[in-house]
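Reader: I work at the bench and would like to learn how to read a structure like this one. Could you take me through it feature by feature?

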Amino acid sequence: MCGGETTTEAAAAAPHVVLLSSPGMGHVAPVAELARRLHDAHGFTATVLTYASSDSAAQRAFLSSLPPAIAAATLPPVHLGDLPAGAAIETLLSVEAERSVLAITTFLSDLKSTTNLVAFVADLFGAATLRAARDAAGGGVPGYLFFPSNLLMLSLMLHLPRLDADLFAAGAAGEFRDLPEPVRLPGCVPVPGADILQPLQDRASDAYRWMVRHGERYRDAPAGILVNTFDAAEPAAAAALRSPEPWRPPVYPIGPVIRHHHPAAAAAGDADDDATGCLGWLDAQPEGSVLFVSFGSGGALSLAQTGELARGLELAGHRFLWVVRAPTDAAAAAAGGDNPGESYYDGCRSKAGDPVGFLPAGFMERTKGLGHVVPSWAPQTRVLAHRAVGAMLTHCGWNSVLEAVAAGVPMVAWPLYAEQRQNAVMLCEETMVALRPRVAGGEGGLVLAEDVAEVVREVMEGEKGEAARAKVRELKEAARKGLEPGGASYETLAKVVSEWKKTA
């Protein structure tokens with residue numbers, strides 16, 4: 001280093017940011033990628049801060065694969081045993097954040113003495129922790145939110161306290177799903193009440209009350225809200241939220257912030273490794289011929305719906321790569337399976353049985369050569385980038401949506417929970433990059449095999465599928481350009497970074 005400056009001294013002089021992630025790899029991954037971007041493009045060092053409840057071998061391996069300039073730290077455990085049995089995940093996440101404020105304040109105060117700490121960023125369930133940034137010893141640091149979903153979802157949260165007061169005034173009965181008209185937010189596609197965020201579908205629940213409280217806190221976020229989307233994906237909403245308003249903080253679309261394949265991560269045994277062999281299978285398939293079917297890290301279907309999907313894929317006659325997870329319902333449990341995936345809280349942990357064993361009898365033999373089935377997990381970003389993949393059937397989780405857009409892959413929208421139903425509305429009716437299958441029997445019904453086959457054929461070979469493919473390729477190019485110097489997302493983050501560096 002010039003003038004004899006050591007690497008340690010340089011790291012201490014570099015601007016440092018702490019990013020707090022909610023539990024779950026779906027939250028940790030984009031927060032870590034934002035830290036990587038701040039390091040690679042702007043010379044920051046960073047700490048990714050996680051909760052004790054989310055600690056896992058997979059998370060540790062992923063975080064250890066980050067560049068040396070990005071540290072990882074875990075907060076001490078907090079007691080949640082006093083919460084009611086069966087408390088909603090939104091309640092658990094929110095209470096854990098509330099009870100971690102003192103520990104975060106101490107962590108930030110200690111870090112200020114050893115680094116050039118310039119900002120604290122908390123993701124969507126961490127709004128309560130922003131007061132730790134304010135209270136950190138030595139004058140505090142600017143506190144920002146990182147919102148890992150889209151502008152439609154953010155707009156809903158920002159307007160939720162007013163919507164709750166206006167739509168359900170004076171304790172009026174009813175639910176969002178009962179509203180006669182769609183919910184209309186500035187610059188956003190109208191969303192039928194039944195497709196509004198799942199935790200808002202029961203106004204008597206703790207989860208509903210927590211979401212309203214988060215909306216109130218978002219409006220008071222002291223410095224601003226970074227959002228994992230980009231202008232071309234939601235142009236009208238971006239215009240509405242970029243316009244300054246006295247009742248909310250500035251909004252900064254900086255996406256897509258998505259997980260990429262990094263050789264160091266693969267070497268660390270991270271989820272980009274191809275232990276499933278699916279990439280090798282894709283290598284043998286024609287270009288654009290494969291439908292990738294995945295419901296994310298936490299999505300699973302009922303036993304009956306799993307059977308209908310299997311029969312539909314068989315009927316459609318197109319090549320498919322299906323990440324199968326064990327079914328969710330009691331019938332599946334009785335057959336020997338468990339609700340899949342890891343929960344972050346005691347009492348919710350379970351391990352999946354062999355999910356392939358829940359498929360219809362003879363399905364694997366009949367589709368041999370046409371499809372490839374892998375249990376529970378696949379290297380999604382690498383699969384989507386593969387030349388053989390022509391479309392994705394997805395649960396519409398925002399991370400998966402952005403990964404599909406970045407790869408230029410059109411979608412079949414099959415939402416399951418959280419904000420996925422409203423994401424599906426936006427993808428099908430506004431951005432026009434997805435198709436949605438018919439649901440038999442209305443709300444809560446099954447998507448029957450014949451309807452699965454119809455939507456698969458349409459997205460793979462029909463006119464609507466080709467239109468979605470053309471549109472998503474446009475968005476892919478817009479996303480790429482937006483992240484380059486001079487692009488909208490790059491310059492938006494650069495603007496925020498320049499403010500942080502002023503406090504250095």
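**Reading the folds, helices and spaces**

Author: Let's begin with one pair of residues: the bridge partner of Val 412 is Leu 435 in strand 13. Helices (H or I, at least four residues) and strands (E, at least two) are DSSP runs numbered from the N terminus, and two strands pair if DSSP finds at least two bridges between them. Here, strand 12 (residues 411–413) and strand 13 run parallel and are joined by two bridges. Please keep in mind that this is a predicted model, where local features need pLDDT of at least 70, side-chain atom pairs count only at pLDDT 80 or more, and totals for chains, interfaces and linings use all residues. Residues are numbered from 1 along each chain as its sequence is written, and side-chain values use heavy atoms, with hydrogens and water left out.

Reader: In what order do the six strands of the open sheet lie?

Author: Read across the sheet, the order is 10-9-8-11-12-13, with parallel pairing. Strand 10 (371–375) and strand 13 (434–435) are at the edges with a single partner strand each, so one side of each has no neighbour in the sheet.

Reader: How many helices and strands are there in the protein?

Author: The protein has 20 helices and 13 strands. Buried means under 20% relative accessible area, exposed over 50%, and partly exposed in between (1.4 Å probe, protein chains only). By that rule, 55% of the 504 residues count as buried. Contact means heavy atoms within 4.5 Å. Among contacts with a separation of 6 or more, 72% are between residues 24 or more positions apart.

Reader: Let's take a strand. How many residues of strand 1 are buried?

Author: Six of the six residues in strand 1 (residues 15–20) are buried, which leaves the strand mostly covered. Look at the two faces: Pro 15, Val 17 and Leu 19 lie on one side, His 16, Val 18 and Leu 20 on the other, and all are buried.

Reader: Which strands does strand 1 pair with?

Author: Strand 1 pairs with strand 4 (residues 116–123) in the parallel sense over six bridges, and Leu 19 stands opposite Val 121 there. Strand 2 (residues 45–50) also runs parallel to strand 1, through five bridges, with Val 17 opposite Ala 46. A crossover is right-handed if, with the strands pointing away from the viewer, the path from the first strand over the helix to the second runs clockwise. Strand 1, helix 2 (residues 25–42) and strand 2 make such a right-handed β-α-β unit.

Reader: Where can I practise on another right-handed β-α-β unit?

Author: Try strand 6, helix 9 (residues 235–242) and strand 7, which make a right-handed β-α-β unit. Strand 6 pairs with strand 7 (residues 251–253) in the parallel sense over three bridges, and Ile 225 has Val 251 as its bridge partner in strand 7. Strand 5 (residues 143–147) also runs parallel to strand 6, with four bridges, and Phe 146 faces Leu 226 as its opposite residue in strand 6. In strand 6 (residues 224–227), Gly 224 and Leu 226 point one way, Ile 225 and Val 227 the other way, and all are buried.

Reader: Now a helix. What span does helix 12 reach?

Author: The expected span of a helix is 1.5 Å times one less than its number of residues. Helix 12 (residues 303–316) has 14 residues and reaches 20 Å from first C-alpha to last, close to the expected 20 Å. Its buried residues include Gln 305, Thr 306, Leu 309 and Leu 313. Among the elements covering the buried residues are strand 8 (290–294), strand 9 (319–324) and helix 18 (449–461). Just after helix 12, Gly 317 has a positive phi of about 80°.

Reader: And the empty spaces: how many cavities of 30 Å³ or more does the search find?

Author: Rolling a probe the size of a water molecule over the atoms shows where empty space is left. On a 1 Å grid over the protein atoms alone, a cavity is a set of points where a 1.4 Å probe fits but cannot get out; a pocket is an open set with protein on both sides within 12 Å along at least five of seven lines; lining residues have an atom within 4 Å of a point. Grid points are joined across faces, edges and corners, and a volume is the space filled by probe spheres set on the points. The search finds two cavities of 30 Å³ or more, and the largest cavity holds about 80 Å³. Its lining includes Thr 306 and Trp 322, and strand 9 gives the most, three residues.
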